[in-house]
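Please take a moment with the sequence and the fold before reading on, since the paragraphs below move from one helix to the next.

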Amino acid sequence: MASNEGISKYGYYLYRYLKNRVDLSLLQLRGFRRPPNSNHSVYHLLNQNLTFLFKKDRFILTVQDLIPLLYPSKILEKYWRRYLYSGITQAELIIVPSENTRQDLLKFYNPNPEKVIKIHLGYNPQIFYPRPKKSCRRLLGLPLDKTIILNVGTETPRKNILTLLKAIQDRKDTVFIRIGKQKIKDSFASYISGDLSESLLSLFYNSADLYVSPSLYEGFGLTPLEALACNVPTIVGNNSSLREIYSGWAILCDVSNPDSLRTTIDNTLEWQESLFDWGKINKFVKQYTWERTAQLTYDKVYSVIPGCN
């Protein structure tokens, strides 16, 4: 089963849906170690790390985002990342998941725009779908009479978890569940650490009254898609690809301001029945399945690049 990390899910589902159509041992699923005695004439690198090692090879590249250049975790990170990414422009085709990432790529590396192909990420509709909330809470041992707010992901500064905590810390009768490794010391949140299966993750989504993604920047944003697929009211930051993809489907908010986020959370919980048209949202999310991601990858990339088949 796929890891909860976006790149791992991406590679897993590409392999799952295309393994009978192309020789996908060319996918660099386990990092960027060149397979021994490989006869491949072209590789598909699932992200841009260490592309400098493939400058003498033919390769297709997926760039999920350029966040380390925009939000470096350390002072010098954006400089050594530039070196690691130095092979980007030598890719024969570059796949990006959003127009936002495409524009970042053109700004930082100026590749030939015709080489940059936008193919969205996705979700698995066999796993992420609406289920009875109380049944899911019973299975997970969660309280039936509390408001549950959910967040899934890391706690890097870009994910903006501190602002979310400030926005909800005074809420009564509320349980805040954070799925991901805990770095921030906080007694309000209930943490679920470890790499949960997608099936278990779906139960948590379906147990929630509200999903909040307060991230300041995303290359696509998988977790809001999974939450909406489970018919969970969802709030995202009014920024980056989140605005591009989820405008009209999730509630957009200035997530840099805890007061703004607090008001949006209160209003969304109170008025969710009138804010979310689940019939239309279900049609929207079905455009973003992993199967369709794989099909578009085959049609737009593998079928046109000699050496992929």
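What follows is a walk through helix packing, charged pairs, backbone angles and surface in this predicted model.

A convenient place to begin is helix H7, which spans residues 198–207. This helix is mostly covered, eight of its ten residues being buried. The buried residues in H7 are Glu-198, Leu-201, Ser-202, Leu-203, Phe-204, Tyr-205, Asn-206 and Ser-207, a list in which charged and polar side chains stand beside nonpolar ones. One neighbour of H7 is helix H8, which covers residues 222–229. The axes of H7 and H8 are 9 Å apart and meet at an angle of about 65°, and the two helices are therefore roughly perpendicular to each other. Their crossing is right-handed.

Glu-198 in H7 leads on to the charged pairs. Side chains of opposite charge can pair when their charged atoms come close. In this model Glu-198 forms a salt bridge with Lys-9, with 3.2 Å between the closest N and O atoms. This pair links distant parts of the chain, given that Lys-9 lies in helix H1 (residues 6–18) and Glu-198 in H7, with their positions 189 residues apart in the sequence. Are the two partners buried or exposed? Glu-198 has a relative accessibility of 0% and so counts as buried, and Lys-9, at 2%, is likewise counted as buried, because the limit for that class is under 20%. The bridge also belongs to a wider arrangement, in which salt bridges that share partners join Lys-9, Glu-198 and Glu-226 into one network.

The count of salt bridges comes to 13, and two others deserve a closer look. Glu-155 pairs with Arg-178, and the closest N and O atoms of this bridge are 3.2 Å apart. Glu-155 sits in the loop between S5 and H6, whereas Arg-178 belongs to strand S6, so the bridge ties together parts of the chain that are 23 residues apart in sequence. Both of these residues are buried. The bridge between Asp-173 and Lys-146 has its closest N and O atoms 3.6 Å apart. Here, too, distant parts of the chain are linked: Asp-173 lies in the loop between H6 and strand S6 (174–179), Lys-146 lies in the loop between helix H5 (133–140) and strand S5 (147–152), and the two residues are 27 apart. Asp-173 has a relative accessibility of 53% and therefore counts as exposed, while Lys-146, at 32%, counts as partly exposed.

The loop between S5 and H6, which holds Glu-155, also contains Asn-160. The backbone of Asn-160 has a phi near 65°, a positive value in a residue other than glycine, and the residue is buried, with a relative accessible area of 9%. A second asparagine, Asn-231, likewise has a positive phi, in this case near 60°. Asn-231 is found in the loop between helix H8 and strand S9 (234–237). With a relative accessibility of 23%, Asn-231 counts as partly exposed.

Helix H6 (residues 161–168) packs against helix H10 (residues 258–275). Two packed helices are described by the angle between their axes and the distance between the axes. For H6 and H10 the angle is about 60° and the axes are 8 Å apart, and these two helices are therefore oblique to each other. The crossing in which H6 passes H10 is right-handed.

Two tyrosines complete the walk. Tyr-298 has its place in helix H12 (residues 290–302), and at 18% relative accessibility this side chain's residue counts as buried. Although Tyr-298 and Arg-21 are 277 residues apart along the chain, their C-alpha atoms are separated by 8.7 Å. The other tyrosine, Tyr-79, lies in helix H3 (residues 77–84) and is exposed, with a relative accessible area of 53%. Tyr-79 contributes, together with Ile-75, Leu-76 and Trp-80, to a nonpolar surface patch of about 530 Å².

Technical notes
Residues are numbered from 1 along each chain as its sequence is written. This is a predicted model: local features need pLDDT of at least 70, side-chain atom pairs count only at pLDDT 80 or more; totals for chains, interfaces and linings use all residues. Side-chain values use heavy atoms; hydrogens and water are left out. Patches are made of residues with over 30% relative accessible area and no salt bridge: like charges are joined within 9 Å, nonpolar side chains (Val, Leu, Ile, Met, Phe, Trp, Tyr) within 5 Å. Accessible areas come from the Shrake-Rupley method with a 1.4 Å probe; for residues, only the protein chains shown count as cover. A salt bridge is a side-chain nitrogen of Lys or Arg within 4 Å of a carboxyl oxygen of Asp or Glu. Helices (H or I, at least four residues) and strands (E, at least two) are DSSP runs, numbered from the N terminus. Buried means under 20% relative accessible area, exposed over 50%, partly exposed in between (1.4 Å probe, protein chains only). Axes are lines fitted to C-alpha atoms, for helices over the stretch in contact, and angles run from 0 to 180 degrees between N-to-C directions. Angles under 35 degrees count as roughly parallel, over 145 as roughly antiparallel, 65 to 115 as roughly perpendicular and the rest as oblique. A crossing is left-handed if the near helix is turned anticlockwise from the far one by less than a right angle, and right-handed if clockwise.
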